[in-house]
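Trainee: I keep seeing labels on structures, and I'd like to know where they come from. Can we go through some together?

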Amino acid sequence: MKRTVLFWLVAGLVGFALLPWHMTDAGFFSFEWLTDSEPSSGLSLVISAGHWWLAPIGLLLAAALAVVLTSKRPVARAKNTLALAALGLVWVALQGLVIVRAGPRVLEDLLTGETINAGQSAMGVGAAVCIAGLLFALTVSMSQSGKGRGDAFVVSTIGLIIALVGVFVFFPVMHILVRAFEVENGYNLTSFFPRFFSSDIWGLRCLASDRSCGVAVNSLFLAVLTGVGTTLLGLSFALIFTRTDFRAKKLLRILTVIPIITPPFVIGLALILLFGRNGTVTDFAADLFGMEKTRWLYGFWGVYFAQLLSFTPIAFLVLIGVVQGVSPSMEEASQTLDADRWQTFRYVSLPLMRPGLANAFLLGFIESLADFGNPLVLGGGYSVLSTEIYFAIVGAVADPAKAAILAIALLTLTLSAFLLQRMWLGKKSYATITGKADSGQNASLSPMVKTLCYGTALPWAALTAVVYSMIVFGSFVKLWGYDHSFTFAHYIRAFGVDFSTGRLSGVAWDSYFTTLTISSIAAPLTALVGLSTAYLLVRQKFVGKELFEFSTMLSFAIPGTVIGVSYIMAFNFPPIELTGTSIILIIVFVFRNMPVGVRGGIAAMSQLDKSLDEASITLGANSFTTVRRVILPLMGPAILAALTYSFVRAITSVSAVIFLVSAKHNMATSFIVGRVENGEFGLAIAYSAVLIVTMLAVILLLQLLVGSRRLRRTDRVQTTA
């Protein structure tokens, strides 16, 4: 551990003395400073430019290094190093927040009493390396002092995730939530509560009349039904995949995943053209049965229908790994005791799936609350929190205070669901995978359960196939709904190639390659952070664990519109200036989609008995080796789910990035929204079809690379009771 602390302290000193402390105009990773004659490192700025406020950082690093090299007592050395590193991190944060390029100068020179006139730019590579050195020197020293059972890997992972969540979740969110207390002449705490508990938000007038409820009540009702519906559908699909001999599983797998890889507004547009007042299905039903054409699709039922289509794949991705993880030996023991297949499923298999069911419901519930696209297109007069927040921000009369109050109401619903889920799960053990060999076979489904699964999943899959066949059809006609003449014009305009010059002439190529690049970087980072967090929550005990778990869900609970605006407020000026760069897009994808990896990892890891970890540690392996050699090989479905979801959400997300894209880094969803606003529906649908095919290819590739988890010699389904 002493060598590890030395390494990070030396890295911090290198960042302070040699690397550029501030971000250059060319960007975070620019190397222009190598040829720049002006001072750029923290040390050179102190010596040449008189930026004395940077000097304590270098002095604290040097002092910590001296303590490590000279102190003979390990515990005292660790405590002193911890204190110096903590003080260094606090000073870095304070000097960065106080001394900025523009705005009021609130830090005064301690010697002269004069206000500092020279601000500073945003932090660059040197500052980032220095902060990393101080952070890991602190966490490793903390483990040396006896915290975290002396496990440096665990303590460092906790420290890193807390720091990342604090900077990229709490810091930007606080910028917008503080607006909830804003009034005309400043801030007022007492004005918050009347506005928060107003009837427009929590009103129940709909119970006594035909009028609409408050937006929070509308959102809650919709989210509960969506969570229940997506969980039941996801479980039906997961059981068909793992417990039946259904022959078209590959086709069914595509139909279960394809809604989640659909760009925004496409599902809503397809449903309108199918079930709208003048839609294809509506016209057919009116002509055949004489049914009156109505606008039933615009309102609660239309949004609920679209959300079931959109979010069922999330429940399926979480539940398929959980269903696969149920030990066959327990089901065989049940049948040995003369239980039939229904009793085995009801009293053995289903209770062991409880963590997965709870997590699938929670994700569906939160996704529904945060959904922006479907209520915007199909909501009609049914108002929900996400759209109200959007209109409060970008409406004719912007009201950031109202948007912040609505965001707090949304967080209240999310926190309540989180606490109820924990109460339902309790402290029971759901571990089914232990260190013992298991060569059994999963019990097949009872006829009743099998019929229910087929009766719900297969018609839903057929409906999904119809919706997406219409989307493909719409990309090959001149104007969907009016002129159905066959054409390739939309694809040529979007992805045309000039063969005479060898150049890509299509208007969509630039955003297409930018989207793939950013998504490919964000997906593994999202999976890494999410599954690491799940490991800490399931396998480790530490102070503030419940608060830590909720904080990981915070970014997922807030609508993407609020996240995007809060990122602009937080990262548009020093000390962290990222707007207009690709880094801010990667960061928002990582921390926006991380909760899916966390919940999926928790559901899968809850089934891995802790005796596996204990056996590995008993044989001399440390925590890092145990994670790498024991846990990760058993986490195939969770890893695949995290990678798949984070990749496709980075491509299909619109609300979080619509404010963050730039001319240099334009995303596919922003391009599609622009085409929809211009009335170029054919081009938007063609681009969406290309994105769907691209994401399907990537998902299949990830399936091949990650593989499937094998828990026994054979995974064939048992066909006899």
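Mentor: Sure, let's take some labels one by one, keeping in mind that this is a predicted model.

Trainee: What makes Arg675 and Glu680 a salt bridge?

Mentor: The cut-off is a side-chain nitrogen of Lys or Arg within 4 Å of a carboxyl oxygen of Asp or Glu. In Arg675 and Glu680 the closest N and O atoms are 3.0 Å apart, so the pair fits the rule.

Trainee: And why is Arg675 called buried?

Mentor: Buried means under 20% relative accessible area, and Arg675 comes in at 18%, so the label fits.

Trainee: What is Glu680 then, buried or exposed or partly exposed?

Mentor: Its relative accessibility is 21%, so Glu680 counts as partly exposed.

Trainee: Which residues are linked in a network of salt bridges?

Mentor: Arg493, Arg675 and Glu680. Arg493 also forms a salt bridge with Glu680, with the closest N and O atoms 2.2 Å apart. That pair links distant parts of the chain: Arg493 sits in helix 21, Glu680 in the loop between helix 29 and helix 30, 187 residues apart.

Trainee: How do you know that Asp245 is exposed?

Mentor: Exposed means over 50%, and Asp245 has 60% relative accessibility, so Asp245 counts as exposed.

Trainee: Last one: how far does helix 5 reach from its first C-alpha to its last?

Mentor: Helix 5 covers residues 125–144 and reaches 29 Å, close to the 28 Å expected for its 20 residues at 1.5 Å a residue. Just after helix 5, Gly146 takes a positive phi of about 110°.

Terms used. Residues numbered from 1 in each chain as written. Predicted model: local features only at pLDDT ≥ 70, side-chain atom pairs only at ≥ 80, totals over all residues. Heavy atoms only, no water. Helix = DSSP H or I, 4+ residues; strand = E, 2+ residues; numbered from the N terminus. Expected span 1.5 Å × (residues − 1). Buried < 20%, exposed > 50% of the residue type's maximum accessible area, 1.4 Å probe, protein only.
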